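Here's a quick walk through one model, with a few spots picked out for a closer look. Have the coordinates open in your viewer as you read.

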Amino acid sequence: MNNVDVMEKIYLEYREKVFRYVRGKVRNLADAEDVTSEIFLKVQTSLDSYDEEKATLSTWIYTITHNTVCNYYREQSRRALSLDENALYSDTDDVMTEIENEILKESLAIALETLSEREQDVIVLYYYHEIPLRDIAIKMGITYTNAKFIKHQAISKLKLAMKNS
């Protein structure tokens, strides 16, 4: 079977699962579709480097999926912090504040990578999507108390990671 056939089989088997995962994390439908396309493009370009002795195909694809979603949020926070044209003409203090905020957000994006997938999910859903912890607990199939604990634990880890960076 050639790579085109293999890729088609992979796409048909995993497209719905991957899209549901992405859609659960990315609120905007068009962005979710773009992220899903990006994931399958990465799968296709990396297919030759897949090693079935290191991970199952599904684990490998979901790792690519998770990392691509994290990259999406990292890029979103960078865009939100990019200096707009007006900031270039404002006084120096405003520009310095924007630069400091951009550096802080970049550090936060790097610190997010130190969290477990579950902790990242809680933080992203709570802070980026502004979903209440009770709803997050239901969505993740955990108790409200556990969701609060995971959030608290993740924030502590983020503070430590940012302090050390």
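## An aromatic pair between helices

At its relative accessibility, does Y11 count as buried, exposed or partly exposed? This is a predicted model, and in it Y11 comes out at 38% relative accessibility, so the residue counts as partly exposed, since that label sits between under 20% for buried and over 50% for exposed.

The structure has five aromatic pairs in total. One of them joins Y11 and F40 in an edge-to-face arrangement, with 5.0 Å from centre to centre and 75 degrees between the planes. The two partners sit 29 residues apart and link distant parts of the chain, with Y11 in helix 1 (residues 3-25) and F40 in helix 2 (residues 29-46). F40 has a relative accessible area of 5%, so this residue is buried.

Now for another of the pairs: the ring centres of Y72 and Y73 are 5.0 Å apart and the planes meet at 80 degrees, so this pair is edge-to-face as well. Y72 counts as buried at 16% relative accessibility, and Y73 counts as buried at 8%.

## The largest pocket

How much space lies in the largest pocket? It's about 170 Å³. Eleven residues line this pocket, and those closest to its centre are Y72, Y73, Q76, Y128 and H129. So if you've just been looking at the Y72 and Y73 rings, which form an edge-to-face pair, you're already in the right place.

Helix 3 (57-81) and helix 6 are the elements that give two or more residues to the pocket lining. Helix 3 supplies the largest share, with five residues. Sorted by class, the lining of the largest pocket has six nonpolar residues, four polar ones and one charged.

## The cavity

With a threshold of 30 Å³ or more, the count is one cavity. The space in the largest cavity comes to about 150 Å³. Its lining runs to 15 residues, and C70, Y73, L112, Q120 and V124 are the ones nearest the centre. Y73 turns up here after being listed among the residues closest to the centre of the largest pocket.

Which elements give two or more residues to the lining of the largest cavity? They are helix 1, helix 3, helix 5 (92-112) and helix 6. The largest share, six residues, again belongs to helix 3. As for chemistry, the lining of the largest cavity splits into eight nonpolar, three polar and four charged residues.

## E119, a buried glutamate

E119 has its place in helix 6 (residues 117-128). Is the residue buried or exposed? Its relative accessible area is 4%, which is under the 20% cut-off, so E119 is buried.

For its polar side, look at the side chain of E119, which reaches the backbone nitrogen of S116 at 2.9 Å. Leaving aside residues up to four places away in sequence, E119 touches I150, Q153, A154 and K157.

## G24 and a long-range contact

Last stop: G24, which lies in helix 1. At 24% relative accessibility this glycine counts as partly exposed.

Which residues does G24 touch, not counting those up to four places away in sequence? They are L125 and K139. G24 and K139 are 115 residues apart in sequence, yet in space they are 9.2 Å apart, C-alpha to C-alpha.

Key: Residues numbered from 1 in each chain as written. Predicted model: local features only at pLDDT ≥ 70, side-chain atom pairs only at ≥ 80, totals over all residues. Heavy atoms only, no water. Helix = DSSP H or I, 4+ residues; strand = E, 2+ residues; numbered from the N terminus. Buried < 20%, exposed > 50% of the residue type's maximum accessible area, 1.4 Å probe, protein only. Polar contact = N/O pair within 3.5 Å; in protein donor to acceptor, adjacent residues only side chain to side chain. Contact = heavy atoms within 4.5 Å. 1 Å grid on protein atoms, 1.4 Å probe; cavity = no way out; pocket = protein on both sides within 12 Å on 5 of 7 lines; lining within 4 Å. Points joined across faces, edges and corners; volume = space filled by probe spheres on them. Nonpolar A, V, L, I, M, F, W, Y, C, P; charged D, E, K, R; others polar. Phe/Tyr/Trp six-rings, centres within 6.5 Å; stacked < 30°, edge-to-face > 60°.
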